[in-house]
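Trainee: Please choose one part of this model and go through it closely. After that, place it among the other features that deserve a look.

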There are 4 protein chains.
Amino acid sequence: MAGLREECGVFGIFSYEPRDVAREAYYGLFALQHRGQESCGIVVNDDGIFNFYKDIGLVNDVFSRERLDSLGKGNMALGHVRYGTTGATDRNNAQPIVVNHIKGRMALAHNGNLTNSYELRRELELKGSIFHTTSDTEVISYIITEERLASPSIEDAVNRAMNRIKGAYSLVIMSPAKMIAVRDENGFRPLCYGKMPDGSYVIASESCALDSVGAEFVRDIDAGEILVFDQSGIKSIRDHCGKAPHKLCVFEYVYFARPDSVIEGCCVHEARSRAGAYLALEYPVQADVVVGVPDSGLDAAIGYSKQSGIPYEIGFIKNKYIARTFISPGQKSRMNKVKIKLNPITGVVSGKRVVLIDDSIVRGTTSARIVKLLRDAGAKEVHMRVSAPAFLNPCYYGTDIDSRENLIACHHTVEETAKLIGADSLGYLSVDSVKRIACGEKGRGGYCTACFDGDYPTEIPSQTQKSRFEKKISESKK
Amino acid sequence: MAGLREECGVFGIFSYEPRDVAREAYYGLFALQHRGQESCGIVVNDDGIFNFYKDIGLVNDVFSRERLDSLGKGNMALGHVRYGTTGATDRNNAQPIVVNHIKGRMALAHNGNLTNSYELRRELELKGSIFHTTSDTEVISYIITEERLASPSIEDAVNRAMNRIKGAYSLVIMSPAKMIAVRDENGFRPLCYGKMPDGSYVIASESCALDSVGAEFVRDIDAGEILVFDQSGIKSIRDHCGKAPHKLCVFEYVYFARPDSVIEGCCVHEARSRAGAYLALEYPVQADVVVGVPDSGLDAAIGYSKQSGIPYEIGFIKNKYIARTFISPGQKSRMNKVKIKLNPITGVVSGKRVVLIDDSIVRGTTSARIVKLLRDAGAKEVHMRVSAPAFLNPCYYGTDIDSRENLIACHHTVEETAKLIGADSLGYLSVDSVKRIACGEKGRGGYCTACFDGDYPTEIPSQTQKSRFEKKISESKK
Amino acid sequence: MAGLREECGVFGIFSYEPRDVAREAYYGLFALQHRGQESCGIVVNDDGIFNFYKDIGLVNDVFSRERLDSLGKGNMALGHVRYGTTGATDRNNAQPIVVNHIKGRMALAHNGNLTNSYELRRELELKGSIFHTTSDTEVISYIITEERLASPSIEDAVNRAMNRIKGAYSLVIMSPAKMIAVRDENGFRPLCYGKMPDGSYVIASESCALDSVGAEFVRDIDAGEILVFDQSGIKSIRDHCGKAPHKLCVFEYVYFARPDSVIEGCCVHEARSRAGAYLALEYPVQADVVVGVPDSGLDAAIGYSKQSGIPYEIGFIKNKYIARTFISPGQKSRMNKVKIKLNPITGVVSGKRVVLIDDSIVRGTTSARIVKLLRDAGAKEVHMRVSAPAFLNPCYYGTDIDSRENLIACHHTVEETAKLIGADSLGYLSVDSVKRIACGEKGRGGYCTACFDGDYPTEIPSQTQKSRFEKKISESKK
Amino acid sequence: MAGLREECGVFGIFSYEPRDVAREAYYGLFALQHRGQESCGIVVNDDGIFNFYKDIGLVNDVFSRERLDSLGKGNMALGHVRYGTTGATDRNNAQPIVVNHIKGRMALAHNGNLTNSYELRRELELKGSIFHTTSDTEVISYIITEERLASPSIEDAVNRAMNRIKGAYSLVIMSPAKMIAVRDENGFRPLCYGKMPDGSYVIASESCALDSVGAEFVRDIDAGEILVFDQSGIKSIRDHCGKAPHKLCVFEYVYFARPDSVIEGCCVHEARSRAGAYLALEYPVQADVVVGVPDSGLDAAIGYSKQSGIPYEIGFIKNKYIARTFISPGQKSRMNKVKIKLNPITGVVSGKRVVLIDDSIVRGTTSARIVKLLRDAGAKEVHMRVSAPAFLNPCYYGTDIDSRENLIACHHTVEETAKLIGADSLGYLSVDSVKRIACGEKGRGGYCTACFDGDYPTEIPSQTQKSRFEKKISESKK
């Protein structure tokens, strides 16, 4: 699925004894790589000394064995993977951000998006502050630092800072002696922690990163909670809990998270499979085979198959070396591009009525190509089913949805879209259903579905400010 | 599946007009990357001038846009991907091999393994020949060159050379004016060709590479056939056809080839699915769910599920960034290593009786880890089914099977193996069945199953020679 | 000469038309490479958009053709080369620093060292400022930004900032529309400007950089002067001129600057040659040949030879590929290390009484090795002459002199030192003479010689603050 | 000096105990880097196992610490540096060449050029041999291998091979148990050996490489000599000694060798200085200052100064970082290019009558630029003196002299040339004098001066063959 990007994954580890925490951060980030492929970084805390490295690139390109070794041992480490922007990439924006200040050193890793960062930035600059990046994380680090000057402890400063920063933030903050996990009052982005056999604690955006280092899942950080890990144990500060409705981004289940992660009590694979089952109920069709678009459509395809009784099959082979930089063919051979990444298995679809499952349609061009691939491979009918509602609104909480101009659903009915992409029929999952995919009753309930239905759970940036801010950012981008 | 390696993939393109054939070779090799990940190379033929580049690394690491551009335009290109050896890699062994000789320039790309290369090499060295690599391909290039001195044409030299070289070889040879595809008399390794919309011809180890450049599959090269492409068209030389029984390596279907490839009339995915179905017939079991080990066990898992009626599920998530170099955790955390590459989806297997499908068991250690992953995730029972017979014999035709010492099936009964890997039951596909997975009746029939049953279709290297040769090679490896 | 480092070189270009200013900055920095070999950076100003790249490494390693091209065209560029620290290098400290602020963008490149940066940093941090580097340049950028909030123009802000920053600074500042050159009130570090045939202006630490881009030298920036280049021409702000005695670092002539540079009216080569002549007057000796230690002792050796009448010769060959990273031999073969970098020409010194000229003795170990090289090559006598006085005091203005503990002159008399390094005699240039090497009468006069005689022209950091500051820096060094 | 290239430097070490010979080869090659900057390689012999690495690039770029370590320990090592071709570089041509053959392994490093390589290559190819490179070294390795089949020992094979190969070759050959140094019958290229304090032997193109590893010079290998080092000591085979007149390339003294090297009893610096003195005698002039073009004109400038009494001065500063890849300015700013590499010291030449010494004039363009630099810096007169005769003929022994078309001396008188380069007068050293620069009487006498006077000491390649061969090579160059 093109046109969508999440803002980052975070990983922290707190050990009671110095050891090779850099390597564990490496495995954790590797498990979270799907949340950000532009840049990554690791900061190791060796008794108050912060050794770090960050650069543009995938985790296993940036961190060679030598690089990891050079970070040394420590009792804490903080890591981050960042999403990829198109065009020029900026090494400066890589995280974690490390701050050296008279009141103490601090490293921050952030996932999410503030809704008042323009105002905060303006306020800070007018006091003489200088920004080196265009990221919200630097704004947060300033606010915490300001509050720190008047606070007895870093967690106190974070608590105060939460009164000023608005929007979506799952943060991990490392001070010389503490590791602190923070989640915004609505809980937009996931954050959980686990425990290793030796008693160390691990904080991560998703539970799959806990698994990768052998940590056992303990629980999600609550919305509004500040959780402090230090030598004396764990402390939960809950002043901001319960102040706002719980609003986890439902798209974490639909697209962002890894299927083996469990978020707020619900396994992502099962949520997607359930989305497929709901789709089968909402849009049944007579067909011979159900195939998913790899990788993100596979889980829902299984759900559709089970619910409908139509056999599940592997319809496409995705080239598994594609994760890396790749030289695109020229414009005239765009069709090939799809075949290079994705090739249909002719024997599976030839002469068949095919149900094709994907997790979204953004501009429609990719979907059109995939439908054509199936037709060229001999499919008799292609019925496309999308395991999420159509995108109609911008997200201010960290999902980088394409512009309204490009979103096919903003300009075309479902029937028109089906025609445009060449499908015999098309169905999007209903908003009602998508709210229930993550085990509705059992879960803590409350999902943000604003990108589908425009129901924003917070104040949103005023249009003028937003566009002005966007302009500013694009200008200052190097 | 660890412990098995194929020897290479080949790709050639013959165009009637000069154009960016390097880029097409790049896409073709990218589609064949699974056949060799150590090194790769491309030779472009620009009206008799051979421009080439080869190096250690994956296709999209070795060939940047600048590198491709530097190869220039041409009307032919020859490419190769080579398998990865453990330990020291040798840039010298990268292919294609380019030969500059008084009788003309020539480039060769080879997939397979000669059975008489020790004798040929010895004979050549005693005449004063010097070898720069340890590869069979260099031996082949010498033999063709020798024959070339007395032959009116290169295809004639190739035809004569085929009387001297024994064993497995799928070759593509490029001379200043011709592209030649050659397959050994038994047809051990696949080789096919296709046609592009503009009339260009493409030769490749697998049809998925034809798809990637938009070429339409024409047919497989026949066993023993020499197929010559030049400005006057295509010419087939069939002097060596029908001289030996057709013996395509059955492991191409089981493991090597990409599921979307069609080899000798049979789709690889379907062959694997059929293997799964046969397994279900041979080793039925009461269970709740069928899961495959990604990626190579997935196709057979679907076949098993369909045949048995036990629901198919996604049991594991494989980290999709793993194709790249990766820093292994230390010895003591080997268990983690599996979780870093492969993580079970707890919700799918917890409390279930699981049928686990993989395509082979080599040493048993990986299988043991995967079974343990399922048990740790709460599986009540684990029934392992292997979609191929057990390895019991060495392969002399290009598959690098682990040593007898390491092969678990050489030392343990099926029951013992099940116990060692921790499975409740274990079943290998029978040799009879594996011979039928590739559409038995419809196919041209005749598969090499020597690694399973010891039935070698050719004379094999004498033990003394073999061990001496092996010693020599390992010594001269840099 | 080991143990001495200068803090950086700066280069700016202001053109009236957009063009390939990045390439000119590249040539300028290449000419200034001797002033800083750790890291480098270039910022191109394309009508207010700042495109930049900076990294660790030499100029021609960091900037490939592609990298330069990616910076695009513009009408201004600012560049910087930074000195090399031992041990861990920090990409973060690379310059120029680029600041994006509500009052406008700004890039700074700095050569020198502030004496009150600890106090300024503390004051800023207590207001909530965050520092990302350990460099004075970031402090300066904060001070200018603070003043900018209350100033009508950037040059006004710079003018005010000069009331607050103390010590040595030669700065070039680029705003969207202006290029500004600034030199501290004492003029510790050199800074000059020139004009290109097309009317563009070039600012550089040394005139050799003007030569490299074909610019004609106009004049030095005066001590305390602010020189503003914009579309309307050049403006000089002289509020800070004449407020303090002129105190150019004399070591610029002795060691830092390139011999072909002309600083404040005096050619560096001639100053060194004059130092050699003074040495010959102060420490005459009966000898057969005068040789200099390449490269920095050669100029003085010529002066000594001319004054004394003893023939000048090439005594050593320095490996010209040594500028690059180099693998050091182990401890036991340290003697070789010198022969790898420097090899004596036996025929020149064998059986001769040799006068050996170098520009400094720091720890004495290198000098001892060089004397031994001459003796091993057959020199009968070795008389060492040093073209500067002995180091006895720390420098607070940007020269990183070795610690007192390591300085041989702090612990040994001249006679003792001669014995320790194995020389038959030794002479340091007197402080009185070194003050006259740069054309005394003709020059503007006034040199800082504090490292030799302890005569600091400014208040120096209080010992407590200094050591605290030093501690802080070393801690926060990553 | 542009337009001239030497073919390579060789280095071998033979130790009686295994140790880090790779590092010593590294230092040796680093000292010989001036003889070849395109590619380099090292082969370590660990009890018959040959570990090697070779690549395009400078010694300290190709060999990192890790790379050297990966070569392991051994009791012999062989190294090579190769000259740089313009345009496409070919990793294949890097040396040493390693040959794995049934009669034993062998590594070769070669400096020189065969005169009958076309014939030998043709003969070998017609027997079926295949060549992978375009280098003479591969031809030599074939001839030795052929002879090896009928010889009791490798030195015997080398001895027989010497009957077949013609032209210039200084070779070092490493077999599993022996290190062999060979020099052609005329002794065109230098080769010497030395002894380390621990009894190890070192063979090198120049004595400066012996110095760099702490070896003491023993003697030059004689023309025609085969010197064998093995566990039983040193053996000299002299069957080819005295068969041809001694004809060391005089250009080794004039340009190729490092000034600190001693070749056949004469120090290179002194030979150059003597050339300068002879120049002063042949072309005296009234002038104020003598300056040399760095680096190769400096030694002769000192000789000219001493003989004439005109003071020697440093006239130019050469950027010492230039050894590395460098981005050239565009065509229109070619003048700058010289200023980037070379900048005159204005104070030294302004208002002066300058004698400018260089070691050659090839096309004249560089000389013209340097003369202009002096004039622009204010020189009143420029008298150019060249410390070698003018090039008029091609070299078949390893010096890559520009084509006749480009050589200015082939088309212009001395007076015309002076005018073309803008000099007030011009003088080339006479052929008679150049023959005496290397201590005439004391030396073994006999120098090849064919490039100056056309007096070829051997049969030269027939014109037809030569041009055909050249064509062939250029075609097969990738």
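Mentor: The part to look at is Asp260(D), in the loop between helix H8 (251-256) and strand S15 (262-263) of chain D. The model is predicted, and everything below should be read with that in mind. The relative accessible area of Asp260(D) is 4%, and the cut-off for buried is under 20%, so this loop residue counts as buried.

What does the side chain of Asp260(D) make polar contact with? One partner is in another chain: the side chain of Asn343(C), at 2.8 Å. The other is in chain D itself, where the side chain of Arg258(D) makes a polar contact with that of Asp260(D), again given as 2.8 Å. Setting aside neighbours within four places in sequence, the residues in contact with Asp260(D) come from chains C and D. From chain C they are Ile317(C), Asn343(C), Pro344(C) and Ile345(C). From chain D they are Ser207(D) and Cys208(D). Asn343(C) thus appears both in this list and as a polar partner.

An aspartate in chain B can be set beside this one. Asp211(B) belongs to helix H7 (residues 207-212) of chain B. Its relative accessible area is 17%, which is under the 20% limit, so Asp211(B) is classed as buried. Beyond neighbours within four places in sequence, Asp211(B) is in contact with Lys339(A) and Asn343(A). Both of these partners belong to chain A.

That leads to the contact between chains B and A. Each side gives 56 residues: 56 from chain B and 56 from chain A. The area buried between the two chains is about 4,600 Å², and carbon and sulfur atoms give 60% of it. Two salt bridges are counted between chain B and chain A. Lys306(A) and Glu313(B) form a salt bridge through their side chains, with 2.5 Å from N to O. The polar contacts between chain B and chain A come to 14 residue pairs, with both residues at pLDDT 80 or more. On the chain B side, the largest share comes from helix H1 (residues 21-31) of chain B, which supplies five residues. Sorted by class, that side has 27 nonpolar, 14 polar and 15 charged residues.

In chain A, helix H1 (residues 21-31) has eleven of its eleven residues buried, so the helix is largely enclosed by the rest of the structure. The buried residues of H1(A) include the charged Arg23(A) and Glu24(A), and among the others are Tyr26(A), Tyr27(A) and Phe30(A).

Aromatic rings are the next topic. Over all chains, 70 aromatic pairs are found. One of them joins Tyr193(C) and Phe229(C), edge-to-face, with 5.4 Å between the centres and 70° between the planes. Tyr193(C) is in strand S9 (residues 192-195) and Phe229(C) is in strand S12 (residues 226-230), both of chain C, so the pair ties together parts 36 residues apart in sequence. Both Tyr193(C) and Phe229(C) are buried. In chain A, one aromatic cluster is formed by Phe251(A), Tyr255(A), Phe256(A), Phe391(A) and Phe452(A).

Finally, the backbone. Most residues other than glycine have a negative phi, and most peptide bonds are trans. Glu264(B) is not a glycine, but its phi is positive, about 45°. Glu264(B) occupies the loop between strand S15 (262-263) and strand S16 (266-267) of chain B, and at a relative accessible area of 4% it is buried. Asp47(D) also has a positive phi, near 55°, in the loop between strand S2 (39-46) and strand S3 (49-56) of chain D. Unlike the buried Glu264(B), Asp47(D) is exposed, with 71% relative accessibility.

There are cis peptide bonds to check as well. The bond from Gln95(A) to Pro96(A) is cis, with omega near -5°, and Pro96(A) is in the loop between strand S4 (74-82) and strand S5 (97-99) of chain A. In chain C, Gln95(C) and Pro96(C) are joined by a cis bond with omega about 0°, and Pro96(C) lies in the loop between strand S4 (74-82) and strand S5 (97-99) of that chain.

How values were computed:
Residues numbered from 1 in each chain as written. Chains lettered and ligands numbered in written order. Heavy atoms only, no water. Contact = heavy atoms within 4.5 Å. Buried area = accessible area lost by both parts, 1.4 Å probe. Salt bridge = Lys/Arg side-chain N within 4 Å of Asp/Glu carboxyl O. Polar contact = N/O pair within 3.5 Å; in protein donor to acceptor, adjacent residues only side chain to side chain. Helix = DSSP H or I, 4+ residues; strand = E, 2+ residues; numbered from the N terminus. Phe/Tyr/Trp six-rings, centres within 6.5 Å; stacked < 30°, edge-to-face > 60°. Buried < 20%, exposed > 50% of the residue type's maximum accessible area, 1.4 Å probe, protein only.
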